[in-house]
Amino acid sequence: MDEFERLLKKYERVDEGSEGRGEHGIDNFSPSDQEEFLRIPKERIGVLIGKNGQTKAEIERRTETKVEVDSETGEVFITAKKDSSDPLSVWKARDVVMAIGRGFSPERAFRLLNEGETLEVINLTDIIVGNERNALPRVRGRIIGRKGRTRELIEELSGTEISVYGKTVAIIGNPIQVEVAKTAVEKLVRGSPHGVVYKYLERRRKDLELESSAYYELIESGLPPEKEKDEEE
């Protein structure tokens with residue numbers, strides 16, 4: 001653990017407060033830094049490491065990074081390998097680790113390694129109105145639904161992967177899909193009837209497929225959507 005502690009000491013400011021930290025409690029780095037630090041819940045450490053270290057090794061192999069995990073604290077330090085050819089390798093590994101920490105299985109979290117996929121984490125306590133003691137369990141129940149059916153329908157109609165874990169809802173998909181799923185989740189949190197939310201998803205489904213197809217085409221062409229729009233004008 002000496003090497004891990006040496007690396008962690010470099011980021012002692014993380015323990016001194018939130019200043020200088022990015023969204024989800026991660027320090028902000030420039031792409032050239034090629035290193036990231038984050039924490040995941042202790043109960044998710046075993047899932048991240050996997051049987052005989054297989055999951056961690058797979059993340060390292062597919063992202064060309066080195067992932068060091070403190071199994072006692074849940075602290076994770078990620079660095080790019082010297083021969084890494086991807087300038088975003090560390091960020092990709094970070095997102096996969098974060099997704100696993102937010103309740104996704106490794107198989108579902110690996111979707112983030114596909115081009116154009118993103119992770120959105122919603123803190124339910126930021127949306128719930130009032131201080132009702134039982135609000136969080138009730139809201140979680142509305143999002144998950146009977147036998148998980150509501151969550152499954154949101155996934156199916158938006159094309160996303162969703163994990164409800166603790167006080168958060170994590171969503172994986174392309175930015176267009178994520179925004180639709182996020183809107184559906186927020187509607188449920190704010191008390192909209194399930195039927196209204198399903199109708200919203202059905203309404204958006206056709207446009208969502210077209211918009212997502214166009215999005216992936218732009219990704220494959222290597223031309224950012226905003227640049228394409230400027231050239232058309």
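This briefing covers one sheet and two nonpolar cores. The model is predicted: local features need pLDDT of at least 70, side-chain atom pairs count only at pLDDT 80 or more, and totals for chains, interfaces and linings use all residues. Residues are numbered from 1 along each chain as its sequence is written, and side-chain values use heavy atoms, with hydrogens and water left out.

**Sheet**
- Three strands (DSSP E runs of at least two residues, numbered from the N terminus) form an open sheet in the order β1-β3-β2, with antiparallel pairing. Pairing requires at least two DSSP bridges between two strands.
- β1 (35-39) and β2 (65-69) are the edge strands, each with a single partner, so one side of each has no neighbour in the sheet.
- The twist averages 15° from one strand to the next. Angles run from 0 to 180 degrees between N-to-C directions, using axes fitted to C-alpha atoms, for helices over the stretch in contact.
- β2 and β3 (residues 75-80) run antiparallel and share five bridges. Val67 has Ile78 in β3 as its bridge partner.
- Helix α4 (residues 89-101) packs on the sheet and touches β1, β2 and β3. Its direction makes about 155° with that of β3. Helices are DSSP H or I runs of at least four residues; contact means heavy atoms within 4.5 Å.

**Nonpolar cores**
- A core is a set of buried Ala, Val, Leu, Ile, Met, Phe, Trp, Tyr and Cys residues joined through side-chain atoms within 4.5 Å. Buried means under 20% relative accessible area (1.4 Å probe, protein chains only).
- The largest core has 26 residues; Ile143, Ile154, Val169, Val189 and Leu201 have the most contacts inside it.
- α8 gives the largest share of this core, eight residues.
- A second, separate core has 25 residues, including Ile40, Val67, Phe104 and Leu113.

Notes: Buried means under 20% relative accessible area, exposed over 50%, partly exposed in between (1.4 Å probe, protein chains only).
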